[in-house]
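Trainee: Please take one part of this model and go through it closely, and then tell me how it sits beside the rest of the chain. I would rather have one connected account than a list.

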Amino acid sequence: MNFSMNKIIDNLENIILMNSIRIKNKIIGKNHPVFVIAEAGINHNGSYRIAKKMIDVAKKAGADCVKFQTHITDEEMLKTNIRPGNISKETLWSIIKNCELTEKEESRLNQYCKERKILFLSTPFSISAVERLEKLKIPAYKIGSGELTNLPFLKHIATKGKPVILSTGMSEIKEIKSTVNLFRKFKIPIAILQTTSEYPAKYKDINLGVIEKFEKIFKIPVGLSDHSPGIYTALGAVAKGACIVEKHFTLDKNMSGPDQKISLDPFELTELVKGCKAVKLALGETKKILKEELPILQFARESVVTKNNIKKNELFTEDNITTKRPNTGEIPAKDFFKIIGKKAKKDIPKSKQIAYSDIY
């Protein structure tokens, strides 16, 4: 009975959230702060000590979430000599095997995140990994691009009833629609990330315009999982409406590992968080004179003034009046041509702001 009531409450909250999703106390959507995922990935090189330090760095930088990867190598891949493109001379099998964290280590990292008050997430790469994360009561699932078409894996995650953030690298719209529809059938809140699976990704391949395209097609929160150098495209994504930004980070780009050099260092991660907040705040659509601009308006704009001495009954012309700062006179520069052709009621000295009482 309690389980059913909880399900009903969750469904009602999902309806209220509409085009947003909630992960614990974080609401992700257009009208909320950008959700920054600090992707630790496998940059800990299998070291619990380094992984724990990465949590401290992510927290200090102000990220909303630190995300790891749950690899159980034997469960997720066949032993193979295939290499991950040009980013490493090691085989993919060796890289993953050497970067595994144990179940106990992941549990301790999850607990440490709770203590540091930063959200812990981890991307699973097998059904066994999902079950391990379920023991940690993980609040949501981040699904990597490689699993976007892994239907039995996706269905298994959907049965857990938790929000999903889905990367969309190496895919077409048709495939993304199919996966989104799968989660919708299970009434799973979902967000998708525009992703380019190049390491590093070239700026011309990032395609930030896809963010707005995804919004129109799916009407769900959209973000960017970014593998390009620096923070530039991530900030551009926020300007395009991204609700989520995910970037790999490292303690030191000179550490061994295929992702280290393309990752942000601690300073860059901090700047990313600051930049996302700044760009989000700057996205207003109102154009009016702000209260804070009024003092500037007084000295930055101009008033109508005399160029030289003007005698009583003399016509105002472009030869004897002009505009100069400050805008403290009665007649602003925008009304300059309304004065042309009118007459002076009295003698007016040179370089004097003209008043309406000077005109007839």
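Mentor: Helices here are DSSP runs of H or I with at least four residues, strands are runs of E with at least two, and both are numbered from the N terminus. The model is a predicted one, and the part I would choose is the stretch around strand 8, with the helix that comes before it and the loop that comes after it.

Let us begin with helix 8, which covers residues 173–185, and with its partner, helix 7, which covers residues 151–158. The axes of these two helices come within 9 Å and cross at roughly 30°. Since angles under 35 degrees count as roughly parallel, helix 7 and helix 8 are therefore roughly parallel to each other, and their crossing is right-handed. On the side of helix 7 the contact is made by Leu-151, Leu-154, Lys-155, Ile-157 and Ala-158, while helix 8 contributes Thr-179, Leu-182 and Phe-183. Sorted by character, the residues of this contact divide into six nonpolar, one polar and one charged.

Moving on along the chain, we reach Lys-187, which is found in the loop between helix 8 and strand 8. Lys-187 has a positive phi of about 60°, although it is not a glycine. That deserves a remark because most residues other than glycine have a negative phi. Is Lys-187 buried or exposed? Its relative accessible area is 61%, and Lys-187 therefore counts as exposed, the threshold for that class being over 50%.

Strand 8 itself runs over 190–195, and Thr-196 lies in the loop between this strand and helix 9, which covers 209–218. Thr-196 has a relative accessible area of 12% and so is buried, given that buried means under 20%. Which residues does Thr-196 touch, leaving aside its neighbours within four places in sequence? They are Ala-201, Asp-205, Ile-206, Ser-225 and His-227.

The loop between strand 8 and helix 9 also holds Pro-200, and here the backbone calls for attention, since a cis peptide bond joins Tyr-199 and Pro-200, with omega at about -5°. Most peptide bonds are trans. A reader checking the geometry of this part would thus have two backbone features to look at: the positive phi of Lys-187 and the cis bond that leads into Pro-200.

Both kinds of feature turn up again further along the chain. The peptide bond from Arg-325 to Pro-326 is likewise cis, with omega near -5°, and Pro-326 is found in the loop between strand 12 (321–324) and helix 13 (336–339). Asn-313, which is not a glycine, has a positive phi of about 75°, and its place is the loop between strand 11 (303–306) and strand 12. With a relative accessible area of 40%, Asn-313 is partly exposed.

For a second helix pair to set beside helix 7 and helix 8, take helix 2 (residues 48–61) and helix 5 (residues 103–116), which pack at an angle of about 25° with their axes 10 Å apart. That angle makes helix 2 roughly parallel to helix 5, and helix 2 passes helix 5 in a right-handed crossing. In helix 2 the residues that meet the partner are Tyr-48, Ala-51, Lys-52, Ile-55, Asp-56 and Lys-59, and in helix 5 they are Glu-105, Arg-108, Leu-109, Tyr-112, Cys-113 and Arg-116. The residues of the contact between helix 2 and helix 5 divide into six nonpolar, no polar and six charged.

Another buried residue is Cys-276, in helix 11 (residues 266–281), whose relative accessible area is 1%. Not counting residues up to four places away in sequence, Cys-276 touches Val-34, Val-36, Leu-235, Val-238 and Val-245. Cys-276 and Asn-327, by contrast, are 51 residues apart in sequence and 37 Å apart in space, C-alpha to C-alpha.

Finally, the frame around all this: the protein has 13 helices and 12 strands, and buried residues make up 47% of its 360 residues. Among contacts between residues at least 6 apart in sequence, 65% join residues at least 24 apart. The C-alpha trace spans about 100 × 55 × 40 Å along its principal axes, and the radius of gyration is 30 Å, where a compact globule of 360 residues would have one near 21 Å.

Note on methods: Residues numbered from 1 in each chain as written. Predicted model: local features only at pLDDT ≥ 70, side-chain atom pairs only at ≥ 80, totals over all residues. Heavy atoms only, no water. Axes fitted to C-alpha atoms, helices over the stretch in contact; angles between N-to-C directions. Parallel < 35°, antiparallel > 145°, perpendicular 65-115°, else oblique. Left-handed = near helix turned anticlockwise from the far one by under 90°. Contact = heavy atoms within 4.5 Å. Nonpolar A, V, L, I, M, F, W, Y, C, P; charged D, E, K, R; others polar. Rg over C-alpha atoms; globule rule 2.2 N^0.38 Å. Buried < 20%, exposed > 50% of the residue type's maximum accessible area, 1.4 Å probe, protein only.
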